[in-house]
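Hi there,

Here is the structure I promised to pass on to you. Have a look at it first, and my notes follow below.

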Amino acid sequence: MNFHDRFKAMKASGDFSGLADALPYTQFMGMSVEIVEGRLITQMAYNDTLIGNTVLPALHGGTLAALLEAAALFQIAYDLETEIMPKVITLTVDYMRSGAPKLTRARAEATRVGRRVANVRAEAWQDNPDKPITAANINFLLS
Amino acid sequence: MADEDNEVTGNTQQFLDRIPHIKALGVKFVDFSGNRVTVRLPYQEHLVGNTDSGIIAGGAISAVLDNVCGSAVVSFATGMRSFATLDLRIDYMKPARPHEDVFAFAECYKMTRQIAFVRGVAYQDSEDNPVANAAATFMFTGTGIFSKKGEFGA
């Protein structure tokens, strides 16, 4: 089944748990999606290949940018009626705390959805959702 | 620039390979001349975001841009001070063409005692037709590369 049909089937069934596996990149990055209390949570399992600084050690900033981008994309795909995946226009990431070598979770929320553009804010955390390690604002182009 | 200079500034394939995530992405060192560091992300099936289009996921390009911007700081700085990304902005102008490698370069255009300011570009055939533009700031976190500080601003 091609990606478009898989995505369409997920929309129809409401079961998005296979979404991260449907994209080779997010599968490669150890990401998975789950719905917790009605909110989509995107997780990135820990793997030594995610490390950027071996001395601290700390997750590579790029892995956190990728996690936030995925969390935002999955949230917006989940929220909207469209069957076509939106495209990222801009991504701004703030790095607040070092990412430890452990599981990282992310959640996203559409702050404004227009006809052509959606703005989504995403946050990633490890031990405490109120102490995010990284946050991002992402603008998507909608089809 | 001579290899010894590259060793000192840390801009070599060996240096890239010491960063686990960058090694996992298969990033290749291309060039370091003037102020500019250039790397190549080989096209790999497992980096694809959408199997219908075969286009490399934005996240992979973001990670390469974040890293090459950091490499530009290493090359600009006179010592191997440790630093971490403070913020990173990426503007995607067009999707990367499938089945083709993506190149990225970065240049540090300003460095203060605390902060380094970097611009980067991801492209395929020409930097005049970029896939993405990046602007990143980095904060110096200690006096040496072996600093154990984990919190920014500490």
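**Notes on strands, core and cysteines**

Let me begin with a single pair of residues: Val36(A) has Arg39(A) as its bridge partner in β2(A). Please keep in mind throughout that this is a predicted model.

That pair belongs to a ladder in which strand β1 (residues 31-36) of chain A runs antiparallel to β2(A), with six bridges joining the two. The hairpin of β1(A) and β2(A) has two residues between the strands, and Glu37(A) takes a positive phi near 50 degrees there. β2(A) also pairs with strand β6 (residues 104-113) of chain A, again in the antiparallel sense, through three bridges. If you want a residue to click on for that pairing, try Gln43(A), whose bridge partner in β6(A) is Arg105(A).

How much of strand β2 (residues 39-44) of chain A is buried? Five of its six residues are, so the strand is largely enclosed by the rest of the structure.

Now over to chain B, which has four helices and eight strands. Reading from the N terminus, you will meet three helices, then four strands, then a helix, and then four strands (α-α-α-β-β-β-β-α-β-β-β-β). Of the 154 residues in this chain, 51% are buried. Its accessible surface comes to about 6,900 Å², and carbon and sulfur atoms account for 53% of that. Looking at contacts in chain B between residues at least 6 apart in sequence, 59% join residues at least 24 apart.

A good place to zoom in on chain B is strand β7 (residues 115-123), which is mostly covered, with seven of its nine residues buried. Two strands pair with β7(B):

- Strand β6 (residues 102-111) of chain B is joined to β7(B) by eight bridges, and the two run antiparallel. A hairpin of three residues connects β6(B) to β7(B), and Ala106(B) stands opposite Gly120(B) in β7(B).
- Strand β8 (residues 132-140) of chain B pairs with β7(B) over eight bridges, in the antiparallel sense. Here Arg119(B) has Ala135(B) in β8(B) as its bridge partner.

Next, the nonpolar interior. The largest nonpolar core holds 86 residues, and the members that touch the most others are Phe140(A), Leu41(B), Ile61(B) and Leu65(B). Helix α4 (residues 61-79) of chain A gives the most to this core, contributing twelve residues. What does Ile61(B) touch, leaving aside residues up to four places away in sequence? The answer is Ile56(B), Tyr92(B), Ala96(B), Val102(B), Ala122(B) and Val131(B).

Finally, since you may be wondering about cysteines: the structure holds zero disulfides over all chains. Cys69(B), for example, is in no disulfide, and the nearest cysteine sulfur, in Cys108(B), is 9.6 Å away. Why is there no bond for Cys108(B)? Its closest cysteine sulfur is that of Cys69(B), and because the two are 9.6 Å apart, they are too far for a bond; a disulfide would need the sulfur atoms within 2.5 Å. As for where these side chains sit, Cys69(B) counts as buried because its relative accessibility is 0%. Cys108(B) is buried too, with a relative accessible area of 0%.

Happy browsing, and do write back with any questions!

Best wishes

How values were computed. Residues numbered from 1 in each chain as written. Chains lettered and ligands numbered in written order. Predicted model: local features only at pLDDT ≥ 70, side-chain atom pairs only at ≥ 80, totals over all residues. Heavy atoms only, no water. Core = buried A, V, L, I, M, F, W, Y, C linked by side-chain atoms within 4.5 Å. Buried < 20%, exposed > 50% of the residue type's maximum accessible area, 1.4 Å probe, protein only. Contact = heavy atoms within 4.5 Å. Pairing = 2+ DSSP bridges. Areas by Shrake-Rupley, 256 points an atom, 1.4 Å probe, with all protein chains shown as cover.
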